[in-house]
Amino acid sequence: MTIDVRDPVRPAPMLPPVDVAPLRRARLRATGVQAACVAVSLFMALPIVLIGLAAVSSRAALAEFPKPLVPSEFALDSLLSFLRATGTLPALGNSVLAGLYAVFWSLVVGAPAGYALARHAFRGKDAYQMFILLVRALPIVVLSVPLATMFLRLDVYDTVLAVTLVHTALALPTTVLITASIFVSVPADLEEAAQVFGCTRWQAARRVVVPLALPGLAASSIFTFVLSWNELLGATVVTLGHRTLPAQVLTSLAEASVAYRFAGGFALILPALLFIFVMRRYLLNLWGTTLR
Amino acid sequence: MRSRSPWLLLLPSLVLMAALFGWPLVQAVLAAFRDEGGFTLAHWQRLLTDPYFLPALRNTVLLIVIVLPVQLALAIGMALLVQARPRFIGGHFYLWCVPLAISELAAGLVWLSVFDNRGYLNSLLVSLGLSENGVQWLSYENTTTMLLTVVIAEIWRATSLVFVIVVAGMQVIPRDYDEAAQVFGASLGQRLRHVTLPLLMPSLQVALILRTILALQAFAVAQALTGRDFPLLVGETYEWYVNLRNPAVSSAVALVVLALSLGTALLYLRTVRQPEGAR
Amino acid sequence: AGCTGFATTGGGGMVFLSTQFRPVDEAQRFRDLLARTISGVSYVTIEEGPFAGQVRSQVDAGATRIGLLGGLHGDLAPLADGYLEDVTDVLARLGDHRWPADYLELARAGSDRTWYVPWATASYILAAHQDALENLPSGVDPAALSYDDLLDWAVAARRAEGRPVLGLPAGPKGLLHRFTQGYLLPSFTGGQITTFRSAEAVTAWEYLRELWANCVPSSTTYDFMQEPMESGEVRLAWDHVVRLVSAPRQRPDSWRMLPSPRGPRGLGYMAVLAGMAIPKGSTDPELARRTIEALSLPRTQVELLRSNSFFPAVAADLPDDLSPAIAMEAQAVRRQQDAEDAILSLPPVGLGEREGEVSKVFQDTFRSIVLDGAPIRSTLDGQARVLQGILDELRVPCWAPDPPAGRCEVS
Amino acid sequence: MAELILRDLAKTYPGASTRATDDVSLDVADGEFMVLLGPSGCGKTTLLRMVAGLELPDAGQIVIGGKDVTYLEPRRRNLSMVFQSYAVFPNKKVADNIGFGLRMRGVPADGVRRKVEWAADLLQLRPYLDRYPSRLSGGQRQRVAVARAIVMDADILLMDEPLSNLDALLRLNFRAELKKLVAELGTTTLYVTHDQVEALSLGDRVAVLRDGVLVQCGPPGAVYDEPADEFVGGFLGSPPMNFLTGTVCTDEGRPRVDFGGQSVPVPAALSSYHGKRLRLGIRPEAIQLGDGGGLRGELQVLEPLGASALLTTDVCGQTIKVQAPATFRAEPGRRLALRLPVDQCRWYDPETSLLLEVR
Amino acid sequence: MAELILRDLAKTYPGASTRATDDVSLDVADGEFMVLLGPSGCGKTTLLRMVAGLELPDAGQIVIGGKDVTYLEPRRRNLSMVFQSYAVFPNKKVADNIGFGLRMRGVPADGVRRKVEWAADLLQLRPYLDRYPSRLSGGQRQRVAVARAIVMDADILLMDEPLSNLDALLRLNFRAELKKLVAELGTTTLYVTHDQVEALSLGDRVAVLRDGVLVQCGPPGAVYDEPADEFVGGFLGSPPMNFLTGTVCTDEGRPRVDFGGQSVPVPAALSSYHGKRLRLGIRPEAIQLGDGGGLRGELQVLEPLGASALLTTDVCGQTIKVQAPATFRAEPGRRLALRLPVDQCRWYDPETSLLLEVR
Ligand SMILES: Nc1ncnc2c1ncn2[C@@H]1O[C@H](COP(=O)(O)OP(=O)(O)OP(=O)(O)O)[C@@H](O)[C@H]1O
Ligand SMILES: Nc1ncnc2c1ncn2[C@@H]1O[C@H](COP(=O)(O)OP(=O)(O)OP(=O)(O)O)[C@@H](O)[C@H]1O
Ligand SMILES: [Mg+2]
Ligand SMILES: [Mg+2]
């Protein structure tokens, strides 16, 4: 009696050599992917580099032609005078506040709506979506005067709260739609399991759905923050002495000299870059390996 | 559990929107059709005879028609690159999101510095000896290059938006499905067409809707690059409201934008969707 | 600060809301000046569009948060009736500053009361680089150009450089319409509105077409001439003094500032007027009045010239120690004003918020005729109808240089 | 620790044309272990989901411990459940998955840990407590789902094919433990399985569903021995019961059934069916391979099944499967004598396929 | 229609401390039906995924039809697979799911339809062809996954617990069809199951894995009858093989093994183990309940299993499970005589737990 682990009944056939061509192909593909990534990265980053370089160029260097890529003369004075100007730092604070508040409120108000869209089929769903898009679709400039009047009457005019309200409302469609599209993909049975094990619907959503929908929440947070960070008109019409950064300085950018424009533009993007950097991890999903 | 009304969850958003924008919105709509004497179409007449309106409408539509598909394709491509998880993907990913952080105006400025007569692009061309004085990219005479520069700038500025939504959507698709498709002999293209894209539908729908609406709202880039040589509808709204102080005509333009936005949004909602019951 | 946010107005105090000096550096210079002049006032800048909205909505809501307003005539005039306090008394108290009558006329905005106190003025002139001056056709005095000289010069310069070097601010925020409104048309036709479709106007537009052919094509993107001037793209430019000053300020030796050219009817020029006004329900009318007084002092206005390149609205002697660029500008402006054939054009008076649409008529005409090559005659006729439509609605008298008849009409 | 009563539960899924469950009534006594059996798609999961409150019935009533819970939220029903799809939370480590329900109840961390470890040991999950579910094998994931449910000490334990992905050994061990556990705690259990052995060995009673209808409910032995209709007999048992069609005739006053040439004696009670057609049901393992007597069948296929051998035989054109000892050897084509013990024979009406009361 | 050769396949998941498969070598002949068995988490799925190309081995080689495919992309391997998690496309209707692979291959619509209907009939999915998977029951979804794989006529068919959620009857039917199908098409099949009966009845050969190591591979009968080590014996069979520890002694020149008071005679070949400890392995169904002779055991538990009854007995402090006829009745505590046929006894080295060659 035999134990045929190797099954000696059949003679071991001659094995062909290991074919590494697919590995080579894979490596080639990886290289291709990397090249594509680099190409896209260059396309995306180059303008940022340009504006960064321009922001630290001297005026003379900016006026050269043909321009060298690296400016011939560096100068920080535009950037610095920009930062030192009255109100820039408080405005920075206001912008951060308004941005974070808007992120918070748009999630609080928008995510439940997104959840409802994702989990329920109900009459009026399309109508709701259209309504929520209505606001985004109408150029906000035509709303500006009535809006300011309303805030004055409500006595929240010229506060970060007012800006937050406007920005939250502006970001709401994005939040609702993005979160809805993600919630749709979170399996319902997980939520059901959570409910069976003693969660309220709210707890089930918070403990199970939300962590799984993290990429979507991060995406919509990024949008909200960036929107709030760059939004100009709304912030301008509802504030006066408590401006956000764009309202404080962006107004002037269009009319300043190039050096200032670049300096201002660059200064405006820096904090947003930081925010994206933080949120990126959630978007790429920390638990990327665990979710599938 | 399905019985509880979803309206409870929708209510806060409805209230916020209605409270903040409802009344101003009604006023805007009324303004477009009213003057001291009551109902009138004079504002629309004024608009239609305006030499900027039709070009603006044409440019807007043209821009969206060109930019949107390119962005969508690019964003999906980029998202697929992310899915392939190459090395340094964290860094790449970050760079790809960076344009999000940049305000429209700054984006316009950046590309102006590139396409300007004496900008980086012409600098490059001249120093490489490819051209003597550079190309007049932004000249009002070169409608094509003007459109091209605006398209490039818009693609650069706003692809990240689509990209981020698509990536977020892809993150939640279980990998099983793609693996199954591979085993069953689907090539990359087939997998995309039959598995990834259909499962991505909700995200694509959202990306398309938002992108179209936001594209209809964007004009600072075009304005920074080409001035009023390349008028866009929203730019006209601003022009009428801010510079010409004519809220009525401005509202009329705004309503055109609104109609375009909602029309396309409705189209997407109807066409780009998963069939009922799928998933 | 949680809900209200951080104050961005510096020290707080009464808000002085203004559409002027918006760029960060200019605003900062003016704030310094303001701080030296009077305390308790914070200077807040805002774009023209939201400016009007802000004032209107605050006054309408009966909750004004602003103490003092600053803006161009065009910004303030539309608010004249109903949103601004009558400042006739302030003007009366300051009577010894000798404002030009034209300015006071503007400040009444077509009514019999004064709505704002003239604050500063500016004008539009030419700037020429040394290189361009070399291409000046012989025998031409750059300080006394005619429009034909300018064209010849532009052509010569283009030939010499191999590319056009004349720049005009035809961008979306550019002020080219002021060129047609206040310079070209008055110089060619002697009027602004009444002569809009005269035969001379046709000549003027033909001229502009020719001139444009020798302009830098990206002129349509120029909002301000300072950058193309600094970058060397433009060697010869026409613009608002403030928008010209930065290049000469850096290289005073390379640039010369010249008065605008003259045409068959004379040297048409336009003065821009900024004023200060008090909104209805001002938070602190007393302080606002004092601020107006302080900023109306000739001494302060000269300082404003030094720091922000706006010229005094009051009669003030310019000191000798101005920076070269400003001195050059001042000289050019003065020459322009003092020319014996000078024709002063005003920005529209009494049009209120329709002013922009009048500007638009000139912009659209430019676009059709010069950029799109439309037939001049019919374009002028068409635009004249639009213009007339606006004027008919408003029933206002004409303003300089047109004769102040009972009602303004395009003839 | 509660009695579960289902009354006329009906459920039609939106858009579906047939009922997923059709007036199902079932009483599960306090502490009873009820096994649900039925073909794929017969409504077992639907039933469980209604009990859990995840699906609301269109009609009918659910009572737990004397309290009507028909429309109550799931979390107030104090039950726990193993989902057919596992529904293991991918964002929680195994330990947190298992302890989830306890933590929701506010059990202190220490108590949770102890329970989790107990369950992990029981299901051999100890080495994986610190992993995310995506890094587990299929069976390991299923065990996590089971562990999560059993730590709960709920009133009602619902299990939807909880062991389908586990190997026999693990199953065997766990089955014993589960039985002990449930008995100790007195948890009322509703257990879906398609594993016969599991159904028969675990269940206090077995309920058989078919197309949403409850067909039979009784102790395992009864259901197995005396299937209420042909469906149950054919469904239960692997291989299932044999069914032969014959006609009742009388031979010397004693009734026999004739299968087309061969006949067997039947109980006297069947005399009343004289001349009628009947269906004989007999389990393959009840048939004895004798040396003579009974029916003669021709061996067609012999399948060795390890512990036994399965013979497929032909009797007068009808197929009979016979379970023979593993040692049985024969060539196809051989004639076999099949003895059908009378007390193992069940008789069915060919029209209604219902069991005839014979004794 | 191709031979599959695995050579020394090793795979460690990133971040894992142990190997998921450890130098597995396996030759599956063209058209052979190979069943993979092993406890949960032993690496079955991993092995299948490597064959499919979804996971790349760290070392080793995979050859299909004489062509090395170790690193080849999945879609070029011409195989099809049933995933343990089904992986049924939620965005496609059942019919499109089943026809997916064919359509990818460019089979004309008509051919696809015919194949799809054939598979749907086979798996009783006809009524559901037009539904989306989210509206199917668990077992129906699994059947879709199976149908999708079998329509492919691929060279290699990989099935990962394809019937785990199906009821016995469906399984039985499908098993037979599958066997026929595979035989007709000559598809080489690698089939993971934890169902003993399935493994033994379907497999041409059975490969047993344990902790990533291939422990035994052979025809079902051989693996069942002569487990290569105690693990295999304990793993296969339900209930599994009994193992008893005893010491070899010699009684009148003939070797016996003593279990602490009682002893049985053993083959002469074992004399060389005199005085040493040995492990006796015997299957529960091999033990005969006699009237006397053999070992004496005390009955502890009697479990009726439908077709048979399972007795748990105590022999000198060691537990022996015995499979008795279903009709067996006895009270716990009764003493039984257990006869262990010598040819059914297997002997294992207690140290290595490997099978001793006795014959
Ligand atoms: N992605 C992964 N990362 C790390 N370890 C893994 C991963 N997938 C599986 N494993 C581990 O590898 C081992 C083998 O897993 P595999 O899925 O092959 O088991 P299996 O034999 O299919 O088990 P089952 O019958 O439970 O499905 C298991 O111990 C499992 O925990
Ligand atoms: N969401 C749904 N919409 C419509 N029909 C459904 C839905 N879920 C299940 N069904 C149908 O209802 C019937 C009962 O489904 P159920 O899931 O209860 O079956 P099951 O007994 O659990 O089957 P299995 O053993 O295959 O899991 C099936 O025919 C199924 O196709
Ligand atoms: Mg089910
Ligand atoms: Mg597995």
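In this predicted model, the contact between chain A and chain B draws on 96 residues from chain A and 100 residues from chain B. Put together, chain A and chain B bury about 8900 Å², with 78% of that area on carbon and sulfur atoms. Charge pairing across this interface comes down to 1 salt bridge. The partners are A:Asp126 and B:Arg270, whose side chains meet at 3.0 Å, N to O. Polar contacts add to the picture: 13 residue pairs turn up between chain A and chain B, both members at pLDDT 80 or more. On the chain A side, the biggest contributor is helix H1 (residues 21-55), which gives 14 residues to the surface touching chain B. Sorted by class, that side of chain A has 71 nonpolar, 15 polar and 10 charged residues.

Inside chain B, there is a second contact to look at, this time between domains. The domain assignment splits chain B into domain 1 (1-40) and domain 2 (51-278). Here 5 residues from domain 1 of chain B meet 4 residues from domain 2 of chain B, and the domain centres, taken over C-alpha atoms, sit 29 Å apart. The two domains of chain B bury about 330 Å² between them, 79% of it on carbon and sulfur atoms. On the domain 1 side, B:Val29, B:Ala31 and B:Ala32 lose the most area to domain 2, together making up 71% of what that side buries. As for polar links, domain 1 and domain 2 of chain B share 0 salt bridges and 1 residue pair in polar contact, both at pLDDT 80 or more. The class split for the domain 1 side that touches domain 2 of chain B is 5 nonpolar, no polar and no charged.

Over all chains, the structure holds 64 salt bridges. Side chains of opposite charge can pair when their charged atoms come close. One of these pairs is C:Asp364 with C:Lys360, at 3.2 Å from N to O. Both C:Asp364 and C:Lys360 belong to helix H17 (residues 355-371) of chain C, where they are 4 residues apart, or about one turn of the helix.

Disulfides are quickly counted: there is 1 over all chains. It joins C:Cys398 and C:Cys408, with the sulfur atoms 1.7 Å apart. C:Cys398 and C:Cys408 are 10 residues apart, and both lie in the segment after helix H18 (376-394) of chain C. The torsion about the S-S bond of C:Cys398 and C:Cys408 is about 85°, so this disulfide is right-handed.

Methods:
Residues are numbered from 1 along each chain as its sequence is written. Chains are lettered from A and ligands numbered from 1 in the order in which they are written. This is a predicted model: local features need pLDDT of at least 70, side-chain atom pairs count only at pLDDT 80 or more; totals for chains, interfaces and linings use all residues. Side-chain values use heavy atoms; hydrogens and water are left out. Domain bounds come from an automatic or database domain assignment. Contact means heavy atoms within 4.5 Å. Buried area is the accessible area (1.4 Å probe) that two parts lose on being put together, summed over both. A salt bridge is a side-chain nitrogen of Lys or Arg within 4 Å of a carboxyl oxygen of Asp or Glu. A polar contact is a pair of N or O atoms within 3.5 Å; within protein, one must be able to donate a hydrogen and the other to accept it, and residues adjacent in sequence count only if both atoms are side-chain atoms. Ala, Val, Leu, Ile, Met, Phe, Trp, Tyr, Cys and Pro count as nonpolar, Asp, Glu, Lys and Arg as charged, and the others, Gly among them, as polar. A disulfide is a pair of cysteine sulfur atoms within 2.5 Å. Helices (H or I, at least four residues) and strands (E, at least two) are DSSP runs, numbered from the N terminus.
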